[in-house]
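Here is a walk through the strands, cavities and odd backbone spots of one model. Keep the structure open while you read.

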Protein chains: 2
Amino acid sequence: MTHPISPLATPFPDVPQIAGVIPHVVRAGYKDWGRCDLTYVTLDQGTAVAGVFTKNLCCSNEVELGRENVKRGSARALVVNAGNSNAFTGYRGREAVEQIMEQVASHLGCAKQDVFVSSTGVIGVPLPKEKAREGVEKALTAAPCSWEEAANTIATTDTFPKGATATAMVGDTKVTISAIIKGSGMIAPDMATMLGYLFTDAAVEPGFLQECLSAANERTFSCITVDSDTSTSDTVLAFATGKAGNTLLSSFDSPGADAFAAAIHDVCRQLAHLVVRDGEGAQKFIAVTVTGAVSDESARKVGLAIANSPLVKTAIAGEDANWGRVVMAVGKAGEPADRDKLSIGFGGTWAAREGLPLADYDEAPVTEHLKGQDVTIDVDLGLGEGRATVWTCDLTHGYISINADYRS
Amino acid sequence: MTHPISPLATPFPDVPQIAGVIPHVVRAGYKDWGRCDLTYVTLDQGTAVAGVFTKNLCCSNEVELGRENVKRGSARALVVNAGNSNAFTGYRGREAVEQIMEQVASHLGCAKQDVFVSSTGVIGVPLPKEKAREGVEKALTAAPCSWEEAANTIATTDTFPKGATATAMVGDTKVTISAIIKGSGMIAPDMATMLGYLFTDAAVEPGFLQECLSAANERTFSCITVDSDTSTSDTVLAFATGKAGNTLLSSFDSPGADAFAAAIHDVCRQLAHLVVRDGEGAQKFIAVTVTGAVSDESARKVGLAIANSPLVKTAIAGEDANWGRVVMAVGKAGEPADRDKLSIGFGGTWAAREGLPLADYDEAPVTEHLKGQDVTIDVDLGLGEGRATVWTCDLTHGYISINADYRS
């Protein structure tokens, strides 16, 4: 089962190595793939960690353990299994995760809780413990690999590997963030999950790292949607080794903290956009900007109602400037909205203002805009100062083909 | 733009005339359709009315006026325009509705507020007042028509006309309910809206009629979804002429009230199912039953999360017993759920019980079940006594073709 590369794919960027971080990949054989499927990243002593996780109540064992252990703030290793999500597998699945944590901790001489594990793939099949044990055994002595190899190995049915990087000046010290991510909606019948990992050489206290990551998450990963479905395993982790030698960042009062937070946000935004660009069946990348809401959170909810509407997404796929469907989506969001103050536009051209179609509305530039790969939808609610941008892709025959046209 | 008749279509039933109710249809010419597009139903003096309306905040003028006027409890006429929804048309659209109300009220010698108007079709184009005036003029003297003709005339891109009927014994008096509905998701680019009308010869106080309709609505129209998108014009009205001569039904203490309420519920359920059966691209009719929830409302929300999940709907389209996607949808519903108490089945066969895949799960009967047109999904949350059934259709290439494969 392979899908053509997304037309919105971008080349893997030049993602630098991070001091104190070494990625490795091996083949555990979780599936009949002729490729590596286990990623093992070692982290030097003193590495801080922060994380955000799925809000899905039926989350995996990996998510439960990660959510708990990230509170300790320290990490020494990351293991990512591809081909089996280990979700909905009860105590048997949990045993498999704990086995991996213990095996790695024993090798590194660290606390078991410093080993973070993610899994992605089929739901409902416990991760095979013997394959995991043998895979980890090989990984412990494997040669280092590139970020692109790691990005390919954490992928399941992604159509292209995804990485991002940014730098920031903290005082006189340049710090670097390198990151990889997998995800493309829930592209195959039993594959799900967005998994993202950020690595930085910056010295950052775990609490502040969490603050930066959580804030970035609100404006990036929480603002993308492919099909409104939420994986049971979504995880984004940030690791900071401190090897850059900057003055420790402990709060926004620390010199350089703003620049660092901006770089984290920048990388998260890049990663989030890459996931949308690999959305199943995606032909167009859509940015929905909502202004004039009663709050930023309200703007985000209205934006997501538009971005999740099958009728809006099929209209964009059909290059149809169907602003009536946007009106409908605004109205169903359940957030404060006043029909008679609502304005809607595409690609910078207003179609309706303050509740009325524009008498001199010229659809020609809008039609031209919709023919492109990058589409913008602008909505002004005319109520307040709240604003948000959310990103999604169009809904095409490709989505149906990927998700319905075969038996798993 | 015509679509093939839904494979789930059922023949129009034998819907009886109701004493005190006379339907008529004429052609106002709202669109280039060579068919009638204006439905006019007269109601004898003393007719009680009740209604439920869309919760979409960007609702049409018709909905705003209807919601206000239904509180008065009396009705003398119904006018339904097909081909133009008159939504998002500001004061100009409102003027058109008020013109129709005045024109009919003047002819019947009743209060303007006793005339109910609905419109369905393109959003953002004010209803043309001159066409409406001429259409109503013709309607006032038109010959009576059948319910099937009325059902065809209120339709827009429905692929088959929809009607339902039921009777109840109120004391020794048989009362009859006849009803028509239009809707099939939002099947064409600018067509939307579910419009349903129930007519009964029962003598019912408006308050109790509203109570029956609202209760039925919670379990029927509020439990169907085609694509999770909510029209700006959704309306269901119930009219009771009192011509059957039964003892007035004023509350559940009235003799026969339970039977009457059950008949209203029955008709609403029939109508709701018909809309799902005409869902755009529908190949399968899906009933999702959720039990063991903390409340009925919680069960309904979990059911709708499953029924609205594109991944669940495409799995059914692909005849794939993908219970992992159901787990995911339960978890994202935001309602109380415990992964380790969750059971999931298809067509009466459990695939997973209490958080674990069944060791002896036999997929063969499930696969056979999924090949049929009627699919059931059963979810037990294992938490309480709350239960609900919701209905939807699968998500197929037909949906994309209808909504994206052309310009409006």
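Two strands pair if DSSP finds at least two bridges between them, where strands (E, at least two residues) and helices (H or I, at least four) are DSSP runs, numbered from the N terminus. This is a predicted model, in which local features need pLDDT of at least 70 and side-chain atom pairs count only at pLDDT 80 or more, while totals for chains, interfaces and linings use all residues. Residues are numbered from 1 along each chain as its sequence is written, chains are lettered from A and ligands numbered from 1 in the order in which they are written, and side-chain values use heavy atoms, with hydrogens and water left out.

**Strands at the start of chain A**

Strand 1 of chain A runs antiparallel to strand 2 of chain A, joined by six bridges. Across that pairing, Pro23(A) stands opposite Val41(A). Val41(A) also stands opposite Leu78(A) in strand 4 of chain A, and strands 2 and 4 of chain A are antiparallel, with five bridges. Strand 4 of chain A then goes parallel with strand 5 of chain A over eight bridges; here Val79(A) has Val117(A) as its bridge partner.

How covered is strand 2 of chain A? Six of its six residues are buried (buried means under 20% relative accessible area, exposed over 50%, partly exposed in between, with a 1.4 Å probe and protein chains only). Leu38(A), Tyr40(A) and Thr42(A) make up one buried side, and Thr39(A), Val41(A) and Leu43(A) the other. Strand 5 of chain A is mostly covered as well, with seven of its eight residues buried.

Just before strand 1 of chain A you'll find Ala19(A) in the preceding segment. Ala19(A) is partly exposed, at 41% relative accessible area. Leaving out residues up to four places away in sequence, Ala19(A) touches Asp201(A), Thr241(A) and Lys243(A) (contact means heavy atoms within 4.5 Å).

**The later sheet**

Further along chain A, six strands form an open, mixed sheet in the order 13-12-11-14-10-15. Strands 13 and 15 of chain A sit at the edges with a single partner strand each, so one side of each has no neighbour in the sheet. Even so placed, strand 15 of chain A has six of its eight residues buried, so the rest of the structure largely encloses it.

Here are two pairings of strand 10 of chain A, side by side.

| Partner strand | Sense | Bridges | Residue pair |
|---|---|---|---|
| Strand 15 of chain A | antiparallel | seven bridges | Ala293(A) and Gly386(A) |
| Strand 14 of chain A | parallel | seven bridges | Phe285(A) and Asp374(A) |

**Core and cavities**

Which residues touch the most other members of the largest nonpolar core? Among its 172 residues they are Phe260(A), Ile306(A), Phe260(B) and Ile306(B). A nonpolar core here is a set of buried Ala, Val, Leu, Ile, Met, Phe, Trp, Tyr and Cys residues joined through side-chain atoms within 4.5 Å. Beyond residues up to four places away in sequence, the contacts of Ile306(A) include Val288(A), Val290(A), Ala329(A) and Ile377(A).

The whole structure holds eight cavities of 30 Å³ or more, and the largest has about 80 Å³ of space. On a 1 Å grid over the protein atoms alone, a cavity is a set of points where a 1.4 Å probe fits but cannot get out, and lining residues have an atom within 4 Å of a point. Grid points are joined across faces, edges and corners, and a volume is the space filled by probe spheres set on the points. The largest cavity is lined by 14 residues, and Glu62(A), Leu65(A), Gly66(A), Phe116(A) and Val117(A) are the closest to its centre. Helix 1 of chain A gives the most to this lining, five residues.

**Positive phi values**

Most residues other than glycine have a negative phi. Asn86(A), with phi near 60 degrees, is positive. Asn86(A) is in the loop between strand 4 and helix 2 of chain A and is buried, at 0% relative accessible area. Glu354(A) has phi near 50 degrees, in the loop between strands 12 and 13 of chain A. Is Glu354(A) buried or exposed? Glu354(A) counts as exposed, at 55% relative accessibility.

In chain B, Glu319(B) takes a positive phi of about 55 degrees just after helix 8. Seven of the eight residues of helix 8 of chain B are buried, so the rest of the structure largely encloses that helix.

Technical notes
1 Å grid on protein atoms, 1.4 Å probe; cavity = no way out; pocket = protein on both sides within 12 Å on 5 of 7 lines; lining within 4 Å.
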